[in-house]
Amino acid sequence: MNVTDKFAHVAALRPVRKRSVEPSSTEGLLTQCDRLTQLLGAQAIRNRYGEHLSVRQWYATPEMCSPDVRSLSLLLPQGTLDALGVAQSAADPEQWLFLDTETTGLAGGTGTYAFLVGLAWWDAGGLQVEQFFMRDLDEEHSLLLELSERMSKRPVLVTFNGKSFDWPLLETRYRMTRAIAACTPKLHLDLLHPARQLWRPRLGSVRLKELERHVLGDENRALEWSRHDDIDSSLIPQLYFDYLRGGPAEPLAGVFRHNQMDLRGLAALAGKILALFDSGNGFPDAAHHSTHDPLDLYGLSRLMQRRGESACARELYETALRSGLPRHVERLAQRELAHLAKREQDYTRATSLWEELRQASTSAKRKKSAVTLEDTQKALEAAIEAAEQLAIYYEHRAKQPQRAAELTSHAIAELRCAHRDGGISAGRAHKIEERLARRLVRLERRCATGTTPDLLRVGNAL
């Protein structure tokens with residue numbers, strides 16, 4: 001952005017007078033503010049700080065979900081619900097308030113305004129959406145007071161990246177008023193974080209639009225919307241600046257629609273995540289998960305594993321593998337499942353998985369023309385780790401140092417091959433090889449003396 005554009009934005013943020021009209025002009029009988037009110041079917045809300053616009057719309061979909069306390073706990077750091085003592089209100093969907101803002105910039109800070117605040121809550125079997133809009137910057141106090149009153153009625157706030165952006169921005173705006181206190185939610189559920197754990201391996205990007213397209217497929221059809229004519233969110237601040245400078249009101253109708261779709265998508269996503277969490281509780285079998293995408297099960301297993309639900313995570317990994325995963329994700333699932341099996345001392349399952357990972361690198365080499373170089377490199381890296389884990393098992397558990405030495409030598413050979421092909425950086429390859437080389441020297445010494453690690457320890461003790 002050049003200096004001229006910066007000053008133009010500063011000028012746009014100055015409060016302006018309400019637009020005047022020429023009485024003799026029939027077309028000018030409506031101001032742009034009135035035109036926007038008419039376009040949206042809005043009404044002016046007045047309180048002790050002035051006025052702002054309010055737009056309300058009820059939607060039959062998405063339908064209200066009924067969250068389970070155990071499922072809710074997966075959305076938050078461990079023990080949060082117990083510590084806060086809000087489990088009862090959190091499990092009541094009528095206490096939830098969805099929030100999404102449209103702002104004058106994405107950087108945050110004291111110079112950024114939330115000119116449109118969208119709220120939604122489940123009501124009468126559907127979703128009630130209400131949007132507050134500042135026709136001019138001097139309407140901010142009125143808007144913030146109304147928002148605080150709405151939030152006091154529903155103490156559970158639900159957002160998408162709201163903990164990092166929307167709510168901190170609104171808290172800043174409340175502090176700037178020096179008159180209106182923010183109604184801090186008792187509980188804040190930010191769906192971005194579980195969405196990352198569940199769907200990043202599958203989608204890469206977990207923007208709300210991408211989740212609507214690829215995760216909420218059936219839900220989207222029920223919602224009967226399409227984003228094909230949606231406004232680009234990066235253009236929204238400029239559209240508001242243009243409006244403040246006297247531009248037409250019509251483009252802002254697209255901003256309101258964009259915000260409404262975000263809120264409906266957020267509510268649908270909440271239902272999707274909670275349904276997935278609910279199905280993940282209770283150690284499900286494959287038949288129970290027949291309606292779920294294997295990649296969703298893989299994402300859920302990762303989340304369960306991070307939350308310490310190892311038994312449930314292991315069952316979900318097994319189910320996802322049986323259901324069929326893309327090869328690169330299958331390797332990740334096998335690796336995590338092997339570590340869980342090892343932790344539970346199920347060495348039969350762990351060693352079988354490591355053997356599969358070792359064989360995968362040989363298969364990838366043979367099919368080099370059919371797979372990408374990146375896939376081949378990842379298979380080699382997984383095979384090196386698997387060979388090392390097998391060597392650890394044969395050295396310390398099976399007491400077969402000769403087999404452990406063979407596996408370690410194989411891992412070093414694979415590592416050098418991967419480094420030569422550019423699959424592993426020189427620094428990382430050197431660090432891994434040093435570790436493997438130390439193990440190999442120790443194993444070769446034991447093989448040469450014909451002693452096992454246990455016998456060596458006994459000899460040293462004597």
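**Exercise 1. Determine which residue just after helix α19 takes a positive phi, then describe the helix itself.**

*Solution.* Step 1. Gly450, placed just after α19, has a positive phi of about 70 degrees. The model under study is a predicted one.

Step 2. Helix α19 covers residues 426-449, which amounts to 24 residues. From its first C-alpha to its last it reaches 34 Å, close to the 34 Å expected at 1.5 Å a residue.

Step 3. The buried residues in α19 include Ala429, Ile432, Leu436, Leu440 and Leu443. Two arginines, Arg439 and Arg446, are buried in this helix as well. As a general rule, an α-helix has 3.6 residues a turn, so residues three or four places apart point the same way.

**Exercise 2. Compare the span of helix α8 with that of a straight helix of 12 residues, and identify what follows α8.**

*Solution.* Step 1. At 1.5 Å a residue, a straight helix of 12 residues would span 16 Å. Between the end C-alpha atoms of α8 (residues 192-203), the span is only 14 Å.

Step 2. Leu192, Pro194, Ala195, Gln197, Leu198 and Trp199 are the buried residues of α8.

Step 3. Gly204 follows α8, and the phi of Gly204 is positive, near 80 degrees.

**Exercise 3. Trace how strands β1, β2 and β5 are paired, using Ser54 as the reference point.**

*Solution.* Step 1. Strands β1 (residues 43-47) and β2 (residues 50-59) run antiparallel and are joined by 5 bridges. They form a hairpin, with 2 residues between them.

Step 2. β2 also pairs with β5 (residues 126-133), in the antiparallel sense, over 7 bridges.

Step 3. Ser54 in β2 stands opposite Gln43, and the bridge partner of Ser54 in β5 is Phe132.

**Exercise 4. Establish whether His188 is buried or exposed, and list its surroundings.**

*Solution.* Step 1. His188 is found in strand β7, residues 187-190.

Step 2. The relative accessible area of His188 is 10%. Buried means under 20%, so His188 is buried.

Step 3. Not counting residues up to four places away in sequence, His188 touches Leu76, Leu157, Thr159, Gly162, Lys163 and Trp167. With Thr159 there is a polar contact between side chains, at 2.7 Å.

**Exercise 5. Describe the contacts of Gln305 and Glu318, and state whether Glu318 is buried or exposed.**

*Solution.* Step 1. Gln305 lies in helix α13 (residues 294-306), whereas Glu318 is found in helix α14 (residues 310-323).

Step 2. Leaving aside neighbours within four places in sequence, Gln305 is in contact with Ala313, Tyr317, Glu336 and Leu340. The side chains of Gln305 and Glu336 make a polar contact of 3.1 Å.

Step 3. Glu318 has 15% relative accessibility and therefore counts as buried.

Step 4. With the neighbours within four places again set aside, Glu318 is in contact with Leu337 and Arg349. A polar contact of 3.0 Å joins the side chains of Glu318 and Arg349. Glu318 and Gln334 are 16 residues apart along the chain, and their C-alpha atoms are separated by 8.7 Å.

**Exercise 6. Characterise the largest pocket by its volume and its lining.**

*Solution.* Step 1. The largest pocket holds about 680 Å³ of space, and 27 residues line it. Asp100, Leu106, Phe160, Ser233 and Asp262 lie nearest its centre.

Step 2. The elements giving two or more residues to this lining are β3 (96-103), α7 (162-177), α8, α9 (208-214), α11 (236-244) and α12 (250-280). The largest share, 5 residues, comes from β3.

Key: Residues are numbered from 1 along each chain as its sequence is written. Side-chain values use heavy atoms; hydrogens and water are left out. Helices (H or I, at least four residues) and strands (E, at least two) are DSSP runs, numbered from the N terminus. Buried means under 20% relative accessible area, exposed over 50%, partly exposed in between (1.4 Å probe, protein chains only). A polar contact is a pair of N or O atoms within 3.5 Å; within protein, one must be able to donate a hydrogen and the other to accept it, and residues adjacent in sequence count only if both atoms are side-chain atoms. Contact means heavy atoms within 4.5 Å. The expected span of a helix is 1.5 Å times one less than its number of residues. Two strands pair if DSSP finds at least two bridges between them. On a 1 Å grid over the protein atoms alone, a cavity is a set of points where a 1.4 Å probe fits but cannot get out, and a pocket is an open set with protein on both sides within 12 Å along at least five of seven lines; lining residues have an atom within 4 Å of a point. Grid points are joined across faces, edges and corners, and a volume is the space filled by probe spheres set on the points.
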